[in-house]
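Me: I am new to this structure and would like to understand how its descriptions are justified. Could we go through them one at a time?

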Amino acid sequence: MTYRAQFKFQGIIEVVCGSMFSGKTEELLRRIKRAQIARQKTQVFKPSIDNRYSVEHVQSHDSNKIASQAVSKAMDILDLLEDNTRVVGIDEAQFFDDTIVEVAQKLAYRGIHVVLAGLDMDYLGQPFGPMPKLLAVAEDVTKLSAVCVTCGSPASRTQRIATPLGDGGNKVVVGAQEFYEARCRFCHDPNLGNLGFSKTPEETVKTLQSMLVTEPKSANLPNLLPNLLPNLLPDSLNEEKRIHA
Ligand SMILES: [Zn+2]
């Protein structure tokens, strides 16, 4: 084997991380497509919790998409790995448990180029799931930023601006992007998202009023309104609507 050939299939781990709206999935798809153009066999995986848009595709917010396989646990990736796969993409890596680190390492030692994308921090600004460990073992880390909707600076944090209805305290609710926005360190407020909309109509109105005062620039407020309308109605009225529907 020549010197060149030895390094032909050297495996590495790359991590693309950042806040919501920073273009992580877009960057993951770009890297996968680049490998496909070079006729390298690729496989893309995502946790099955992420069922927004499509179960068979990894899709970014602007509808760019690529075929993917949803797996319920990280180890399934090893079972589903096909012969001759050279590049493995893994989206929403923050939703896996720590075994994703072991899986990524195994893939890299097999000579596979692994690209993982995920949120480095949850909406509280705390390290998210296995991401810190993935960042530690990766050869290459790309940290993307979004734009802070409040001040326009580069945004590193995901701000939860309200608690999605029926949310039992999840770290990030998948597919509920209108409840989140990107903010910088200084505009990020971990306590803001605790304002609940899931209680009585009176509380919802109060929460809305206080948001209009404290968060007048929140770009997502108008998007939230349709979600909140049913909640603003008294239960009896909702019940009546259901009967007449
Ligand atoms: Zn800011």
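The questions and replies below set values against the cut-offs behind the words.

Me: What kind of model is this, and how many helices and strands does the protein have?

Reply: This is a predicted model, and the protein has eight helices and 12 strands. Of its 245 residues, 32% count as buried, and the average pLDDT is 81, with 65% of the residues scoring at least 70.

Me: Which residues have a pLDDT that stays under 50, and how should they be read?

Reply: The pLDDT stays under 50 over residues 238–245, a stretch for which the model has two contacts beyond four places in sequence. Where pLDDT is low, the predicted coordinates should not be read in detail.

Me: How do you know that the span of helix α2 is close to the expected one?

Reply: Helix α2 covers residues 24–37, which makes 14 residues, and the expected span takes 1.5 Å times one less than that number. The expected value is 20 Å, and α2 reaches 20 Å from its first C-alpha to its last.

Me: What puts the buried residues of α2 on the same side of the helix?

Reply: The buried residues are K24, T25, L28, L29 and I32, and they lie on the same side of α2 because they cover an arc of only 130° around the axis. In general, an α-helix has 3.6 residues a turn, so residues three or four places apart point the same way. On the other side of α2, R34 and I37 are exposed, and the helix is followed by R39, whose phi is positive, near 60°.

Me: Why is E82 called exposed rather than buried?

Reply: A residue counts as exposed if 12 or fewer other C-beta atoms lie within 10 Å of its own, and E82 has 7, so E82 is exposed. E82 lies in the loop between α3 (76–80) and β6, and its C-alpha atom is separated by 9.2 Å from that of K41, although the two are 41 residues apart along the chain.

Me: Why is C187 called partly exposed?

Reply: A residue is buried with 20 or more C-beta neighbours and exposed with 12 or fewer; C187 has 19 inside 10 Å, and therefore counts as partly exposed. C187 lies in the loop between β12 (180–183) and α6 (201–214), and, not counting residues up to four places away in sequence, C187 touches C148, T150 and C151. From C-alpha to C-alpha, C187 and A155 are 9.0 Å apart in space, while 32 residues apart in sequence.

Me: What makes β5 and β8 the edge strands of the open sheet?

Reply: The sheet has six strands in the order β5-β2-β6-β7-β1-β8, with parallel pairing, and β5 (69–71) and β8 (140–144) are its edge strands, since each pairs on one side only. The twist averages 20° from one strand to the next.

Me: How do you know that β1 and β7 pair, and which helices pack on the sheet?

Reply: Two strands pair if there are at least two bridges between them, and seven bridges join β1 (residues 12–18) to β7 (residues 113–119), the two running parallel. G18 stands opposite L119 in β7. Helix α4 (residues 99–109) packs on the sheet, touching β1, β6 and β7, and its direction makes about 155° with that of β7. Helix α2 lies across β1, β2, β6, β7 and β8, running at about 165° to β7.

Key. Residues numbered from 1 in each chain as written. Predicted model: local features only at pLDDT ≥ 70, side-chain atom pairs only at ≥ 80, totals over all residues. Helix = DSSP H or I, 4+ residues; strand = E, 2+ residues; numbered from the N terminus. Arc of directions from axis to C-beta. Axes fitted to C-alpha atoms, helices over the stretch in contact; angles between N-to-C directions. Contact = placed C-beta atoms within 7 Å. pLDDT = per-residue confidence, 0-100.
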